[in-house]
Amino acid sequence: MNVGSEFGFELQVCQWAEEYWPPERSRERPVIVARQLGTRHRRWDTLVIECDPAGLRQRAHFGSDRLDSDLLHVVRHAPAEWQWYRDALPHPGYPWQYVREAVHRAADRGLIDRRRSGNKIQLRRKYEYPDWIHRIIAIENKPDLDASAARNLLAQIERDVALGLADEVWIATEATDERIEPVLLEDVPVEAGILTIDRGDRGPAVANVRWQPRLLAPNDPGTRILDRPDGGGYDASACRFEYADPDWKAGKRRAIAERAYERGWRSYAESMRPDCRHFELEPTESVARPYCRAKCCAQTPNQCGSSCPEFEPEPPTWRQQGWPIEGGPGAGIKRLLAAQRDRKRPEPDR
Ligand code: SF4
């Protein structure tokens with residue numbers, strides 16, 4: 001397996017999910033796909049947000065940047081008529097001064113109307129913040145899933161199931177030519193669905209469902225497992241966990257979906273060097289992954305940075321030819337990826 005193949009695999013899974021999710025069924029709802037998102041304690045490789053179509057168009061009124069939890073508190077509760085912000089918004093559980101700052105930030109971004117009445121700040125909503133998240137699907141990408149990777153996944157999936165933040169958890173692994181896929185012989189958690197991915201060389205991937213996942217319960221209370229004894233003869237410590245209430249879970253799901261909405265899965269180009277002369281990306285409708293001509297492999301963001309010893313800036317003459325869009329190939333690639341991401345975010349209804 002070449003270096004960077006896990007990263008390339010992840011991009012192919014994202015690309016496949018954007019085109020074909022849900023597997024083996026026709027698409028009823030638009031999806032937003034993102035990578036490397038989650039909570040402070042858990043980050044998933046690929047996230048698929050199944051969206052309510054009308055809600056997604058309504059969400060577009062708030063712009064392409066994410067709304068953090070403070071802004072969400074303001075826009076979700078902003079009243080239809082002018083009101084002092086302390087009367088209009090529920091107590092957030094932290095000092096009001098932070099709410100007032102969030103009100104100003106929301107107004108500066110054009111998300112709400114704001115005015116001063118005497119010494120009081122009043123607000124009024126411009127648009128109703130919609131309930132645009134239908135389901136959240138988390139996918140772990142393990143192209144070469146062996147026994148030890150399966151053991152590690154067992155603990156992670158147990159935590160996911162106990163917390164129930166996502167609606168489903170899947171494992172995506174590389175398809176083999178074996179009569180029985182090896183992943184089915186490993187000790188993989190039964191709650192997780194299993195997808196095997198046939199990787200095209202640099203083209204689109206094809207996925208097959210090998211195991212259906214158990215539906216989790218994001219609207220119910222969850223359990224956050226903080227520490228779990230390994231169960232060995234010398235470990236008599238107790239399992240530590242805490243309760244996760246449904247409101248906390250709903251807030252986390254909104255915050256994760258907002259970050260997915262902003263970033264999509266193509267934001268990797270921001271942390272790489274597409275302005276290097278060795279950087280390649282097939283500028284097609286369905287970009288798969290970057291490729292390095294100098295290293296002869298699908299490079300990772302870690303390899304493809306300013307400290308890369310083989311980095312060479314694209315020659316100035318490339319920037320004068322208006323290819324593929326003026327500014328040179330590197331700038332063009334970034335614009336291309338941003339345009340592809342934007343096409344997945346519909347325009348608001350007028
Ligand atoms: S040579 Fe280095 S900086 Fe240039 S594309 Fe390859 S990995 Fe990236």
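Tutor: Helices in this account are DSSP runs of H or I with at least four residues, and strands are DSSP runs of E with at least two, both numbered from the N terminus. By that rule the protein contains eight helices and 13 strands. The model is a predicted one, in which local features need pLDDT of at least 70 and side-chain atom pairs count only at pLDDT 80 or more, while totals for chains, interfaces and linings use all residues. Residue numbers start from 1 along each chain as its sequence is written.

Student: What makes β2 (residues 43–51) a strand that is largely enclosed by the rest of the structure?

Tutor: A residue is buried if 20 or more other C-beta atoms, placed from the backbone, lie within 10 Å of its own, exposed if 12 or fewer do, and partly exposed in between. Seven of the nine residues of β2 are buried, so the strand is largely enclosed. Strand β1 (residues 31–38) is mostly covered, with six of its eight residues buried. For the protein of 350 residues, the buried share is 34%.

Student: Why is E24 called buried or exposed?

Tutor: E24 has 9 other C-beta atoms within 10 Å and is therefore exposed. This residue is located in the loop between α1 and β1, and its phi is positive, about 65°, although it is not a glycine. In that loop one also finds P22, which is joined to W21 by a cis peptide bond with omega about 0°.

Student: How do you know whether C296 is buried or exposed?

Tutor: The number of other C-beta atoms within 10 Å of C296 is 10, so C296 is exposed. C296 is found in the loop between β13 (291–292) and α8 (329–343), and its phi is positive, near 55°, in a residue other than glycine.

Student: How do you know that β1 and β2 pair, and in which sense?

Tutor: Two strands pair if DSSP finds at least two bridges between them. Seven bridges link β1 and β2 in the antiparallel sense, so the condition of at least two bridges is met. A34 has L47 in β2 as its bridge partner, and G38 stands opposite R43 in β2. The connection from β1 to β2 is a hairpin of four residues. Strands of a sheet pair through backbone hydrogen bonds, either parallel or antiparallel.

Student: What makes β1 an edge strand of its sheet?

Tutor: The open sheet of six strands has the order β1-β2-β6-β7-β8-β9, with mixed pairing. β1 and β9 (206–211) each pair on one side only and are the edge strands. β2 also pairs with strand β6 (residues 133–141), antiparallel over six bridges, with V48 opposite I137 in β6. At the other end of the order, five bridges join strand β8 (residues 193–198) to β9 in an antiparallel manner, and I194 faces W211 in β9.

Student: Why are β3 and β4 placed at the edges of the sheet of three strands?

Tutor: The order in that open sheet is β3-β5-β4, with antiparallel pairing. β3 (83–84) and β4 (112–117) each have a single partner strand, so one side of each is left without a neighbour in the sheet. β4 pairs with strand β5 (residues 120–125) over six antiparallel bridges, and R116 has I121 in β5 as its bridge partner.

Student: Why is the arrangement of α3 and α5 called parallel, antiparallel, perpendicular or oblique?

Tutor: Two packed helices are described by the angle between their axes and the distance between the axes. Axes are lines fitted to C-alpha atoms, for helices over the stretch in contact, with angles from 0 to 180 degrees between N-to-C directions. Angles under 35 degrees count as roughly parallel, over 145 as roughly antiparallel, 65 to 115 as roughly perpendicular and the rest as oblique. The axes of α3 (residues 69–77) and α5 (residues 96–108) cross at roughly 80° and come within 9 Å. The two helices are therefore roughly perpendicular to each other.

Student: What makes up the contact of α3 with α5?

Tutor: Residues are in contact if their C-beta atoms, placed from the backbone, lie within 7 Å. D70, L71, H73, V74 and V75 in α3 meet Y98, A102, V103, R105 and A106 in α5. Seven of these residues are nonpolar, one is polar and two are charged, where Ala, Val, Leu, Ile, Met, Phe, Trp, Tyr, Cys and Pro count as nonpolar, Asp, Glu, Lys and Arg as charged, and the others, Gly among them, as polar.

Note on methods: Two residues are in contact if their C-beta atoms, placed from the backbone, lie within 7 Å.
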